[in-house]
Amino acid sequence: MYVAVKGGERAIDNAHRLLADTRRGDRAVPELTLDQISEQLALGVDRVMSEGSLYDRELAALAIKQARGDLIEAIFLVRAFRATLPRFGASEPVDTGAMAIQRRISSTFKDIPGGQILGPTFDYTHRLLDPQLAGSCDPAEPASAEASDAPTPRVTDILRQDGLIEDSPVAADDAPVGDLTREPLNFPADRDLRLQNLARADEGFLLALGYSTQRGYGRNHPFAGEIRFGEVDVYFEAEDAGFAVPLGSIALTECQMVNQFKGSATEAPRFTRGYGLAFGQSERKAMSMALVDRALRASELGEDVKAPAQDEEFVMSHSDNVQATGFVEHLKLPHYVDFQSELGLLRKLRADFEQAAPQMQEAAE
Amino acid sequence: MKTVQAESSDQAAKLPVARRQAAMAVLAACEAAAIDARLGDLGALPAFTMLREPEQGLVMLRGRVGGDGAAFNLGEATVSRAALRLASGEVGFGYTLGRDRTKARLIALCDALLQSAGHAAAIETQVIAPLRAELEARRLEKARQTAATKVDFYTLVRGEG
């Protein structure tokens, strides 16, 4: 409990003026433009879009600038912005199988139809700081090769043809889709709500949980069946137009984890799956999400629920960094009255203790 | 809204929806300034009245469990939209990702003109086609750069023979 206090208005105004000045920093240094943030800090922008749960590069860049690079603050700003706009409806589900691929790798099959495509990746870099980037640099033109029209089917689709992996759960096209921004969360939650929660979830939280499953806390033997990044087209069934209108394309990262088997007396064993999907090029997020998605399926797959990553109430209640930061940071707000009552109680307890102490000593003697 | 819908389905009967979608897909991928410049080259355009003033909103983007299963809500995107009617009656709709209301209006105008017998050819050949060519060139350049990062595995033969 905290109570409203008045009296700090002038100090608050001046603190915000100071913040604006500090944000700008040394005036001799050129000011950042949103284009610079969007182009050169692109992965930070992707993270703010994913966890802010709003696909808009320019807004995410603005939020990063306003938040002085504090990505959780930026995510908070983006979430607050989305509450100011009406929702026109929901898109048709995107088809990641038809993605215009910019990166696509599989750690389960060397030769996949369409090939392994590294794209722009940190993988295989030496992780040595590059002094050249300290100055201005003009990198070489990217290499070029003949573009291929070969289809790039999802690795899970290939495994499915042989019945080696479980099918994805299906639903009728007009079946309602759970939306945690509209209805309060109840447990147990269905897979649609879990995936929505994980898609908005803090990357660090999911990374730690995913890591914990690998270290034995809810082990489920994952392979990165496929990770792909690229652009997908978005269609929206527009009521006024009377048909599905194209809205443009968005960049997505998808991760298909392939996990150990499940079978029964009547069903042959087959691989199980965990799924991750995130805005932009967000590979660590998509992989962590897929690990946790699979861990959260423990009870559905008849596994013991013993580890934190398998506990959906624990995971889903603590995954949102805007909620988490709100509750942690509210401790900064005045709690003067609460603290006064605790202080009063403590003084009384200490007085009682002092009073009882001599008697206790006598009794001991 | 009802009148708009009735008229649009009437219009849709005249021009295949697929052609309108194809044009909209090109326009949605372009900058407003690029569309405006192409439209400007066409000279005088017919008058129109706005049926829906350009507005910003959100669309919830959906994915599928496992990529191919039941739908789930991934997160929202900003979207702008507009609707207008030409003096000759054709109704056009403009939808695009982002917050550019001018772009939504320009797309709606192109959609309406595409349905008008007098303007369809000019829109198709002088606006859509060149913009599509630019997009295709950019897409191809990106695809070529991506293709250069494709791994060519080769098998090492052990020298035992």
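Here are some notes on a predicted model, starting with chain A as a whole and then moving to its charged pairs and a few single residues.

1. **Make-up of chain A.** If you are new to this one, start with the secondary structure: chain A carries twelve helices and six strands. Among its contacts between residues at least 6 apart in sequence, 65% join residues at least 24 apart.

2. **Overall dimensions.** The radius of gyration of chain A is 26 Å, where a compact globule of 365 residues would come out near 21 Å. Measuring tape in hand, so to speak, you would find that the C-alpha trace spans about 90 × 70 × 55 Å along its principal axes.

3. **Surface and burial.** Of the 365 residues in chain A, 41% count as buried. The chain has an accessible surface of about 21,200 Å², and carbon and sulfur atoms account for 55% of that.

4. **Charge balance.** Chain A has 38 positive and 58 negative charges, and the mean positions of the two sets lie 4 Å apart. Side chains of opposite charge can pair when their charged atoms come close. Over all chains, the structure holds 39 salt bridges. The next points go through some of them.

5. **A:Arg27 and A:Asp21.** These two form a salt bridge, with the closest N and O atoms 3.0 Å apart. How accessible are the partners? A:Arg27 counts as exposed because its relative accessibility is 54%, while A:Asp21, at 37%, counts as partly exposed.

6. **A:Arg47 and A:Asp202.** Have a look at this pair, whose side chains meet in a salt bridge at 3.3 Å, N to O. The link joins distant parts of the chain, with the partners 155 residues apart. A:Arg47 sits in helix H3 (residues 42-52) of chain A, and A:Asp202 in the loop between helix H7 (191-200) and helix H8 (203-214). A:Arg47 is partly exposed at 22% relative accessibility, whereas A:Asp202 has 12% and so counts as buried.

7. **A:Glu300 and A:Arg297.** Here is another salt bridge, with the closest N and O atoms 2.9 Å apart. Is A:Arg297 buried or exposed? A:Arg297 is buried, with a relative accessible area of 2%.

8. **A network across chains.** Some salt bridges join up: A:Arg82, A:Arg87, A:Asp179 and B:Glu76 are linked in a network. Do check both chains when you look at this one, as the network includes B:Glu76 as well as residues of chain A.

9. **B:Lys103.** What about a charged residue without a partner? B:Lys103, in helix H4 (residues 101-114) of chain B, is buried yet has no salt bridge. The nearest side chain of opposite charge belongs to B:Asp100, 6.4 Å away; a salt bridge needs the nitrogen within 4 Å of a carboxyl oxygen. Setting aside neighbours within four places in sequence, B:Lys103 is in contact with B:Leu27, B:Ala28, B:Cys30, B:Ala32, B:Ile35 and B:Thr96.

10. **A:Thr325.** Back in chain A, A:Thr325 is part of helix H11 (residues 321-329). With a relative accessibility of 15%, A:Thr325 counts as buried. Which residues does A:Thr325 contact, leaving aside its neighbours within four places in sequence? They are A:Ile72, A:Phe76 and A:His330. For a sense of distance, A:Thr325 and A:Phe243 are 82 residues apart in sequence and 42 Å apart in space, C-alpha to C-alpha.

Notes
Residues numbered from 1 in each chain as written. Chains lettered and ligands numbered in written order. Predicted model: local features only at pLDDT ≥ 70, side-chain atom pairs only at ≥ 80, totals over all residues. Heavy atoms only, no water. Helix = DSSP H or I, 4+ residues; strand = E, 2+ residues; numbered from the N terminus. Buried < 20%, exposed > 50% of the residue type's maximum accessible area, 1.4 Å probe, protein only. Lys, Arg positive; Asp, Glu negative; His and termini not counted. Contact = heavy atoms within 4.5 Å. Rg over C-alpha atoms; globule rule 2.2 N^0.38 Å. Areas by Shrake-Rupley, 256 points an atom, 1.4 Å probe, with all protein chains shown as cover. Charge placed at Lys NZ, Arg CZ, Asp CG, Glu CD.
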